[in-house]
Amino acid sequence: MHMPRKRFGQNFLTDKNIIFKIINAVNPKPSETLLEIGPGFGALTLPLLETCKKLYAVELDRDVIPHLKISAESVGELILHEGDVLKFKFQDLFSNLQKIRCIGNLPYNISSPLIFHLLEQREWIYDMHFMLQKEMVNRIVAKPGSKEYGRISVMVQYFCKVEKLFIVKPTAFNPPPKVDSAIIRLKPHEKLPVIADDEKNFADLVRDAFNQRRKTIANSLKKYITSEKLRELDIDPKIRAEELSVADFVRMANNLF
């Protein structure tokens, strides 16, 4: 029997009702290119294969790979890549031009860096359906003015349409995690609603604004901008970063750099 590995952040999904809800939310088609991240023992993999008959997957835990291959043999074509998804480039995995649909029960310990890694390759991605810690999902979908709103909210919402789908309780997993999970849908914008002239400068500005989120925006960004300039941009220097919209941050970045 394979024991879930703490260093991989493994919590295997076992609840069939939740699995059905996820598959229903993804609604995969045989004509689409699907990639599962961290398939584990195949709780999502096999139902996905039954529907689409071909599935790509990236798995780091080499001990579960033989089990996956045997389980998938009679169901469909599973193309497995062994390794760390944080090191994969989509152009190395796929030769066709069709955009990819990403699915995964993401380990909590890599969820944030993995999302940023995927956003860097968003031109390859049609959409993403991920199981994440509920707190992380709440932060990604948060609106300006809420306590959850922060750097990851601004950056993901800049690149994607975000949607929280439903909650998943710890009892749906083995071993049960200590927190609730949630399913999120991320769909990269075909056309960005607002455009940063320089995305690196924009990202740096957002990072620094939230580094000391208790400070006013005038204090947290004083190395970039004066209070007078903020007022010219119709931004109150006394507000905090969490009160600024994605468009506000883009407007600041475009006027500063």
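This is a short talk on the sheet and some of the salt bridges in the structure above. Bear in mind that the model is predicted.

I'll start with the sheet. Seven strands make it up, in the order 4-3-2-5-6-9-7, and the sheet is open with mixed pairing. At the edges stand strand 4, residues 77–82, and strand 7. Each of those has a single partner strand, so one side of each has no neighbour in the sheet. On average, neighbouring strands are turned by 20° against each other, with direction ignored.

One helix to point out here is helix 2, residues 45–52, which packs on the sheet. Helix 2 touches strand 2, strand 3, strand 4 and strand 5, and its direction makes about 155° with that of strand 3.

Now to strand 9. On one side, strand 9 is joined to strand 6, residues 125–133, by six bridges, and the two run antiparallel. Within that pairing, His 129 has Arg 185 of strand 9 as its bridge partner, and Gln 133 has Ser 181. Strand 9 also pairs with strand 7, again in the antiparallel sense, over eight bridges. There, Val 168 stands opposite Ser 181. How many of the eight residues of strand 9 are buried? Six are, so the strand is mostly covered.

Next, the salt bridges. Side chains of opposite charge can pair when their charged atoms come close. The search of the whole structure finds 15 salt bridges, and I'll go through a few.

Take Asp 180 as the centre of the first group. Asp 180 forms a salt bridge with Lys 134, with the closest N and O atoms 3.7 Å apart. That pair links distant parts of the chain: Lys 134 is in helix 6, residues 134–141, while Asp 180 is in the loop between strand 8 and strand 9, and they are 46 residues apart. Asp 180 also meets Lys 169 in a salt bridge, at 3.0 Å from N to O. Lys 169 lies in the loop between strand 7 and strand 8, so this second pair ties together parts that are 11 residues apart in sequence.

Is Asp 180 buried or exposed? Its relative accessibility is 19%, and the cut-off for buried is under 20%, so Asp 180 counts as buried. Lys 134, at 27%, counts as partly exposed. Lys 169 is also classed as partly exposed, at 48%.

The second group is around helix 8, residues 199–211. Asp 208, in that helix, meets Lys 223 in a salt bridge of 3.4 Å, N to O. Lys 223 lies in the loop between helix 9 and helix 10, so the pair ties together parts that are 15 residues apart in sequence. Asp 208 is buried, with a relative accessible area of 10%. Lys 223, at 63% relative accessibility, counts as exposed because the cut-off for that class is over 50%.

Which residues are linked with Asp 208 and Lys 223 in a network of salt bridges? They are Lys 200, Asp 204 and Arg 207.

To go over the main points: the sheet is open, with seven strands; strand 9 pairs with strand 6 and with strand 7; and Asp 180 has salt bridges to Lys 134 and Lys 169.

Note on methods:
Residues are numbered from 1 along each chain as its sequence is written. This is a predicted model: local features need pLDDT of at least 70, side-chain atom pairs count only at pLDDT 80 or more; totals for chains, interfaces and linings use all residues. Side-chain values use heavy atoms; hydrogens and water are left out. A salt bridge is a side-chain nitrogen of Lys or Arg within 4 Å of a carboxyl oxygen of Asp or Glu. Helices (H or I, at least four residues) and strands (E, at least two) are DSSP runs, numbered from the N terminus. Buried means under 20% relative accessible area, exposed over 50%, partly exposed in between (1.4 Å probe, protein chains only). Two strands pair if DSSP finds at least two bridges between them. Axes are lines fitted to C-alpha atoms, for helices over the stretch in contact, and angles run from 0 to 180 degrees between N-to-C directions. Contact means heavy atoms within 4.5 Å.
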